[in-house]
Each structure stands twice: as structure tokens, then as C-alpha cells.
Amino acid sequence: MMKASSLAQALDDRIGGAGFLKKAMRKVFPDHWTFLLGEIALYAFVIVLLTGVFLTFFFKPTMEEVVYDGAYVPLRGVQMSQAYASTLDISFEVRGGLLMRQMHHWATLVFLGAIVIHLLRNFFTGAFRKPRDLNWLIGVALFGLVMLNGLFGYSLPDDLLSGAGLRILHGVTISVPLVGTYLAMFLFGGEFPGADIISRLFSLHVLLIPGLLLVLLPLHAVVLTWRQTHTQFRAKGLNDGVVRGAPFFPAFLAKTTVFFLWVLAVVAALATVFQINPIWLYGPYAPSTVSAGSQPDWYMGFLEGALRVMPPWEFTVFGHTVTMSVLIPALGAPGLLFTALAVYPFVERWITRDHAIHHLLDRPREAPVRVGLGVAGIVYYGVLWLAGGNDVLSSTFHISLYATTWIFRVLVVAGPVLGFVIARRICLGLLARDRHTVAHGVETGVIVRGADGAFTEIERPVTDEESAVLVPPARPALPVAADGDVPPPARRRVHDAVQRSWSR
């Protein structure tokens, strides 16, 4: 019988990989809690896949009408689609079905939440800089794909709440100039609500988008991460060529396995204790029925808010009506968000002319403008998210619906500006405090009284370890033309002047 070592050697001779595997086992991972945010997203995705596979065994993605005669008594005798009826069967008749449904939904919410927090952590610490700009773009694409797939999955049960979302999707689709009506007919299979929308969304939800995710997610989380040096926060003795931490095997592998079990346990606990998306309370979707207080999942709330605060605006060109009150919020709001995320690393690199390789992360305060822009984006997203519930806010706090709408219209413009100014000033203040600490020492809290009766606090000198964290590295200055240099063309001079102005 061939020994295991001989078998491994034979496989390596034919397909290779032993060298990469040996190097991968020794890869060092820094030990910092913020690095776990990406792992939460990865493990939530695994849970989404596993529970999704279970649900596909029982879900029937068709809008064919049936009369329900299942276990849920209040809906017996009601006409509904097979998609809705099979979702009821999963919830009440399949053993463990309701738990799997709720785990699938909660894991999706955790997945998207972890992506957002992980993205913000990378943005504020400058982890998107060279050589990780490609990984940043992949992460932004993952965020958009997961958000879109969440919308499609949320619509599959064909209940009254998800049907309201599909009506919005249909309205956005037909508002696209020239081709909108054709796209809507193709997607829905006829006039709204059509006959094919559930089956087509099902194919996108379980085949196309998960296939893209299965390609991009390992590339983002494993291949490029293993190929590059891991990022880490600045400390004494560290530089762009030195990594301090534990090797992948056995230390990191053991920790990440336990962390996966913790994520699984949290998702299972959420699904067990907190009810989510109880479709049996909403009933099957009917185009003639509209429910009050309908709210999408949190990650789609900003699109809902953008639609609600946009003033009515449409015009006719060559006999075609262009509905800007739908196009701008439905396409402009997410387009602005994702375009800004995608191009920012390259804009910052152009402004600063910083083309160096970075493996050490910034503290957020060390890039005040970047932090200000990030906070402005958060405020922009948050205001639109709150605006998506303006009817609920009006009803709860007894405020006019028109008043809340105008408040959000003002805030969506003024809020990001205020967020930028306040966040930037806070960062500048923190930097000034760091400089004072380095120059004068660390406060000890010990108060003494001098011979003249005055009280002073004793300060101790900053240690080398503290200085390495508090003192940011010098940023490269833009080159200045010497007196004897030939002046560049006028176009180049304008380009350099704009670049220097933005750099300052």
C-alpha cells in the first residue's frame, strides 16, 4: 500500500501546489479585532449558501395559482401562487424549515452588515491604497451584487410585502427611457405582475449572482490576500516589509474555526429568538392590495428614501416621457454611492501623487479629509435610509408627512456637508493633541502643588512604542519646479496647479 507521504509526493509531481501550500501555512496574520470583520462576512456567506441549498429542495419558483390547503389554517381556501404556498409549507410542514428560512434571512442581513463595516474600516484606514486597489474594486462589486441578490431573494415568496417591492422594481424599470417597457415585459413576462418574474428572479438568485460571488469572494478574501503582505497598524519595529502576528497554521486556523462557529451560533440564536419576515401574516400578493407601513430590509432602505424625497419632475422628448423623479433616485442615488466608492482610491492617488506600496494602515485621524468624506457618505446614506420610513415617523411622532419629506430633502444636501466639516475638525483636533503629547509628555493624572501655590500635573515622557503610534509618517511632497527648469505647457501648468490646490 502506498504511504500517505508517497501519495502526496506523487500528486505534487503531477499537479504541483506543495510549495504554495507550505508557504501558505506559514503566512502571518496580525492579531487585531478589526481584521475579523471580513471573516464575519465570509462565514455569513457560507451560512447563506448552506441554508439556501436546503430551501431550494422545497421551494417552487412558479406563479401558477393554487388553492392553499396546508397546515396554516387562517389561509386555507385562499388562492395564491405556488411560490407563496411552498414558502408556507417550508415554514409550517418541513421539519426545521422555518429555522432554515430565518437563518437564511438573518445570515443575509449579517453578511451585508459585515460587508459595510469591513468596507468602512478599509476606507478610513487607507487599506484601499496600492497594491490593494484591485481588491477594493472587487469588494465594492461584491457589495453591489449581494445587495441586488438580497432584493431578488426577498421577492421570491410572493407575499404582499415583497410584492410591493416588485411593484417599485417594475416602476423603476419602465421609467428607463426608450427601452424601459421592453425590459419590464422581458423581466416580468407580461403586464405587471406578469407570469414569469418569480422563476426568473429565482434563476438570478440561486445561479447567476451566487456564481459570480463564488468567483469574486475567494479572489477577494483568499487569493489576493495570500498573494499580498497583510495590512497591520503601525507600531514600533514594523514597516511595510515586516509583519507581526501568528502563522496561519495552527494558530490562525484554530481561531478562525472557532470564530466561524461563533458566527453560526449567533445567526442560529437570532433565527430562533427573533422572528423575521413572517409572510403568513402578510398574505399572498394581489396587485389591488396595498399595505401601509411597508418597509424593505435595511440595506435597501436608502433607495426607498431616495424615491420618497425626490420632488415630482418629468418631461416629454419626441413623444417619450422621461420621469426624472424615478430615474434620479433609483439610478442616481446608488450610482453616486458606488461610483464614489470605486473611484476614490484613484482620485486620492492622483491628488497626493502617492504611488508607493502601503502595508501599514493609517489611523483615521491622520487623513482628516478622507474621514470627512467618509462621514459625509455615511450621513448621505443614513438620511436616505431614515427618509424611507417617513410615513412611519410621521405617524409615530404626529408630524405632517409633508414636513418630514421637506426635512429630509434639506438634510440630504446639508447633512453630508455638516458631517464633512465636523469630522474633519475632530480629526485635526485629535492630531493637535497627539502632537502636544509627543512634545510635552503623557498626562499621568498626578497633581502636585508648587511652592507658589499653583497646581500642575506631572507628565511623563512618551515611550518609543507610543511615539511610533502617535507620530504619522511624513507624506511625500509634490515636486517643485527649479528656477532653471523649462516651464511646462500651459495645459500642464493648469493641471499641476489644480493638483497642488487639491493636495493642500
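**Exercise 1. Which residues line the largest cavity? Find them, and sort them by type.**

Solution. Keep in mind that you're working with a predicted model.

- Step 1: Start with the cavities. The structure has three of 30 Å³ or more, and the largest has a volume of about 80 Å³.
- Step 2: List the lining. Going along the chain, you meet Phe128, Arg129 and Lys130, then Pro345, Glu348, Arg349, Thr352, Asp354, Ala356 and His358.
- Step 3: Sort the list. You should end up with five charged, three nonpolar and two polar residues.

**Exercise 2. How much space lies in the largest pocket, and which helix gives the largest share of its lining?**

Solution. Now we go from cavities to pockets.

- Step 1: Take the volume. The largest pocket holds about 1500 Å³ of space.
- Step 2: Look towards its centre. The lining has 43 residues, and Phe123, Tyr344, Val369, Arg370 and Leu373 are the closest to the centre.
- Step 3: Ask where the lining comes from. Helices α5 (97–124), α6 (133–155), α13, α14 (368–387), α16 (401–440) and α18 (490–503) each give at least two residues. The largest share belongs to α14, with twelve residues.
- Step 4: Sort by type. There are 30 nonpolar residues in this lining, along with eight charged and five polar.

**Exercise 3. Describe how helices α7 and α8 pack.**

Solution. You need two values here, because a packed pair of helices is described by the angle between the axes and the distance between them.

- Step 1: Locate the helices and give both values. Helix α7 covers residues 160–174 and helix α8 covers residues 180–188; their axes are 7 Å apart and meet at an angle of about 145°.
- Step 2: Name the contact residues. From α7 come Leu166, Leu169, His170, Thr173 and Ile174, while α8 brings Gly180, Thr181, Leu183, Ala184, Leu187 and Phe188.
- Step 3: Check their character. Seven of these contact residues are nonpolar, four are polar and none is charged.

**Exercise 4. In which sense do strands β6 and β7 pair, and over how many bridges?**

Solution. Follow the two strands and then the turn.

- Step 1: β6 spans residues 314–317 and β7 spans residues 320–323; they pair in the antiparallel sense, over four bridges.
- Step 2: Pick out one bridge: glutamate 314 is partnered with threonine 323 in β7.
- Step 3: Look at the turn. Two residues sit between the strands of this hairpin, and phenylalanine 318 in the turn has a positive phi of about 50°.

**Exercise 5. Are serine 325 and threonine 256 buried or exposed?**

Solution. Take each residue in turn, and use the cut-off: buried means under 20% relative accessible area.

- Step 1: Serine 325 lies in helix α13 (residues 324–352). Its relative accessibility is 17%, so serine 325 counts as buried.
- Step 2: See what surrounds serine 325. Skipping residues up to four places away in sequence, it touches Leu307, Met310, Pro311, Pro312 and Trp313. Serine 175 is 150 residues away from serine 325 in sequence, yet their C-alpha atoms are 9.4 Å apart.
- Step 3: Threonine 256 sits in helix α10 (residues 248–273). With a relative accessible area of 9%, threonine 256 is buried too.
- Step 4: Beyond its neighbours within four places in sequence, threonine 256 is in contact with Glu39 and Tyr43.

**Exercise 6. How many helices and strands does the chain have, and what percentage of its residues count as buried?**

Solution. Zoom out to the whole chain.

- Step 1: Count 18 helices and ten strands.
- Step 2: The chain has 504 residues, of which 41% count as buried.

Key. Residues numbered from 1 in each chain as written. Predicted model: local features only at pLDDT ≥ 70, side-chain atom pairs only at ≥ 80, totals over all residues. Heavy atoms only, no water. 1 Å grid on protein atoms, 1.4 Å probe; cavity = no way out; pocket = protein on both sides within 12 Å on 5 of 7 lines; lining within 4 Å. Points joined across faces, edges and corners; volume = space filled by probe spheres on them. Nonpolar A, V, L, I, M, F, W, Y, C, P; charged D, E, K, R; others polar. Pairing = 2+ DSSP bridges. Axes fitted to C-alpha atoms, helices over the stretch in contact; angles between N-to-C directions. Contact = heavy atoms within 4.5 Å. Buried < 20%, exposed > 50% of the residue type's maximum accessible area, 1.4 Å probe, protein only.
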